[in-house]
Amino acid sequence: MSDSKRIRLGMVGGGADAFIGGVHRIASRIDDRFELVAGALSSTPEKARKSGEALGLDPARSYASFEEMAEAEASREDGIEAVSIVTPNHVHYPAAKAFLDRGIHVICDKPLTSTWEDAEAMEKAVAGSKSLFILTHNYTGYPMVRQAQAMVEAGDIGKIRLVQVEYPQDWLTDPVETEGVKQAEWRTDPARSGAGGATGDIGTHAYNLASFVSGLKTSELLADLQSFGAGRSLDDNGHVLLRFDNGARGMLWCSQVAPGNENGLKLRVYGDKGGLEWAQEDPNYLWFTPHGEATRLIRRNGAGAIDAANAVSRIPPGHPEGYLEGFANIYTAAADAIRAVQGGSDREAAMGPLPGIADGMEGMRFVLACVESSKNNATWVKL
């Protein structure tokens with residue numbers, strides 16, 4: 001397969017009115033490495049058909065279910081090489097397994113699944129397949145996040161002592177799940193979302209970002225979760241204390257009921273030689289403070305930016321890059337990994353920094369430990 005050819009991509013979910021489906025499609029095309037050729041875009045057949053028409057899919061490759069799509073595409077000479085799964089959490093495992101079992105690479109939205117049983121089954125399915133499994137923790141694709149990770153690894157801030165990460169939003173301040181808002185309906189439903197509400201939806205992003213940049217593993221955590229929205233059975237706010245395996249300490253706050261916050265993901269990492277600070281809403285800048293010295297501003301693709309960051313930057317400094325470009329970096333790296341595996345490379349080596357099944361399992365452990373801790377009056381729980 002020539003590297004110059006686009007990877008034939010399918011999509012499960014992501015039909016009409018699905019925000020994240022559009023994001024995945026845009027991200028897959030920014031570097032022109034994928035072409036969407038098939039889809040099972042909704043669990044409702046008529047909606048799936050109309051969504052396929054709207055996207056210009058061949059009607060013969062617009063399927064009523066992911067099961068039908070997996071079987072049909074696997075039997076085609078020009079069948080899909082990879083599939084994006086952008087459904088509610090409870091569909092992630094059965095959909096992924098259907099394609100993994102047929103040798104089709106999987107790019108799956110986070111979190112990994114809705115239940116631990118499905119997570120373990122997913123891990124087994126990935127291990128038993130020759131295909132790649134990529135989890136779209138897209139914030140790891142930002143250039144200044146890669147810069148921060150490389151600086152931590154190089155020892156620029158010394159031994160890490162403190163990690164603080166927060167991810168506040170305000171879109172669930174009102175009970176919009178009762179007002180026909182589709183994205184709120186399934187995210188507040190335990191059967192489709194899983195055991196965690198805000199912790200599963202955005203807390204896993206915050207936790208993954210902190211782990212990715214710091215390189216630390218969490219040994220135990222203490223969580224205090226709240227459901228402020230009337231009638232909600234899943235948390236919409238959470239405060240979590242973290243203990244890391246090197247003795248460092250951390251704090252994580254995630255909330256979807258914090259008025260005035262849109263997508264306020266922020267990370268601070270402090271070592272014995274300095275500190276780093278990054279904010280998703282101003283992603284082209286990384287603040288670096290060597291201990292006892294003036295704070296320095298490192299700009300994306302500017303002076304002080306290193307190869308790890310420049311490699312995932314597309315345009316000159318001063319031209320903002322953000323959410324879609326960071327997401328696209330995950331897709332472009334996925335394309336490189338897929339072509340590498342098709343060329344005979346080892347799966348693990350091909351993945352490089354891409355988030356995969358191990359990150360997904362760690363995210364599930366985080367959510368379930370938070371829920372367990374909070375139910376037991378905020379006691380420490382080992383991961």
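Colleague: I'm new to this structure, so where should I look in the largest nonpolar core: which residues have the most contacts inside it?

Modeller: Happy to help, and please keep in mind that this is a predicted model. The largest nonpolar core has 46 residues. Its largest share, 8 residues, comes from helix H9 (residues 198-214). Inside this core, the residues with the most contacts are Val213 and Leu252.

Colleague: Which residues does Leu252 contact, leaving aside its neighbours within four places in sequence?

Modeller: Let's take the list in two parts. With those neighbours set aside, Leu252 is in contact with Val165, Gly203, Ala206 and Tyr207, among others. The rest of the list is Gly238, His239, Val240, Leu242 and Phe366.

Colleague: How many residues are in the other core?

Modeller: This other core lies apart from the largest one. Among its members are Ala38, Leu100, Cys108 and Met364. Its size is 31 residues.

Colleague: Is helix H4 largely enclosed or largely open, and how many of its residues are buried?

Modeller: Helix H4 spans residues 92-100 and has 9 residues. Among the buried ones are His92, Tyr93, Ala95 and Ala96, and Ala98, Phe99 and Leu100 are buried too. The helix is therefore largely enclosed by the rest of the structure, and its buried residues number 7.

Colleague: Which elements do the buried residues of H4 pack against?

Modeller: Both helices and strands take part. The helices are H3 and H5 (116-127). The strands are S1, S3 (82-86), S4 (105-108) and S5.

Colleague: Why do the rings of Phe19 and Tyr323 count as stacked?

Modeller: A search of the whole structure finds 9 aromatic pairs. In the one formed by Phe19 and Tyr323, the ring centres are 6.5 Å apart. Planes under 30 degrees apart count as stacked. This pair is stacked because the angle between its planes is 20°.

Colleague: How many residues apart in sequence are the parts that this pair of Phe19 and Tyr323 ties together?

Modeller: Phe19 lies in helix H1 (residues 19-29), and Tyr323 lies in helix H11 (residues 323-342). Phe19 is exposed, with a relative accessible area of 56%, whereas Tyr323 is partly exposed at 25%. The pair therefore ties together parts whose separation in sequence is 304 residues.

Colleague: What kind of aromatic pair do Tyr139 and Tyr323 form?

Modeller: Tyr139 is in the loop between strand S5 (133-135) and helix H6 (143-153), 184 residues from Tyr323 in H11. Tyr139 counts as buried, at 4% relative accessibility. The two rings are 6.4 Å apart centre to centre, with 50° between the planes, and the pair is tilted.

Colleague: Which residues do ring pairs link into a cluster?

Modeller: Phe19, Tyr139 and Tyr323 are among them. The cluster also includes Phe34, Tyr142 and Tyr167. The remaining names are Trp278, Phe327 and Tyr331.

Colleague: How far is the charged end of Arg243 from the centre of the ring of Trp380?

Modeller: Here a charge meets a ring. The charged end of Arg243 sits over the ring of Trp380. Its distance from the ring centre is 3.6 Å.

Colleague: Which element gives the most to the lining of the largest pocket?

Modeller: The largest pocket has a volume of about 1,000 Å³. It is lined by 45 residues, and the closest to its centre are Ile20, Val86, Gln183, Trp186 and Arg187. Strand S1 (7-13), H1, helix H3 (66-74), helix H7 (182-187), H9 and H11 each supply at least two lining residues. With 5 residues, the element that gives the most is H7.

Colleague: Which helix supplies the largest share of the lining of the largest cavity?

Modeller: The largest cavity has a volume of about 70 Å³. Its lining includes Asn89, Pro111, Ser193, Met364, Val367 and Leu368. The largest share of the lining, 3 residues, comes from helix H13 (residues 357-375).

Colleague: Is Gln169 buried or exposed?

Modeller: Gln169 has its place in the loop between strand S6 (160-168) and H7. Not counting residues up to four places away in sequence, Gln169 touches residues including Ile202, Ser255, Asn261 and Glu262. The relative accessible area of Gln169 is 8%. Buried means under 20%, so Gln169 is buried.

Notes:
Residues are numbered from 1 along each chain as its sequence is written. This is a predicted model: local features need pLDDT of at least 70, side-chain atom pairs count only at pLDDT 80 or more; totals for chains, interfaces and linings use all residues. Side-chain values use heavy atoms; hydrogens and water are left out. Rings of Phe, Tyr and Trp (its six-membered ring) pair if their centres lie within 6.5 Å; planes under 30 degrees apart count as stacked, over 60 as edge-to-face and the rest as tilted. Helices (H or I, at least four residues) and strands (E, at least two) are DSSP runs, numbered from the N terminus. Buried means under 20% relative accessible area, exposed over 50%, partly exposed in between (1.4 Å probe, protein chains only). A charge sits over a ring if NZ of Lys or CZ of Arg is within 6 Å of the ring centre and within 35 degrees of the ring normal. A nonpolar core is a set of buried Ala, Val, Leu, Ile, Met, Phe, Trp, Tyr and Cys residues joined through side-chain atoms within 4.5 Å. Contact means heavy atoms within 4.5 Å. On a 1 Å grid over the protein atoms alone, a cavity is a set of points where a 1.4 Å probe fits but cannot get out, and a pocket is an open set with protein on both sides within 12 Å along at least five of seven lines; lining residues have an atom within 4 Å of a point. Grid points are joined across faces, edges and corners, and a volume is the space filled by probe spheres set on the points.
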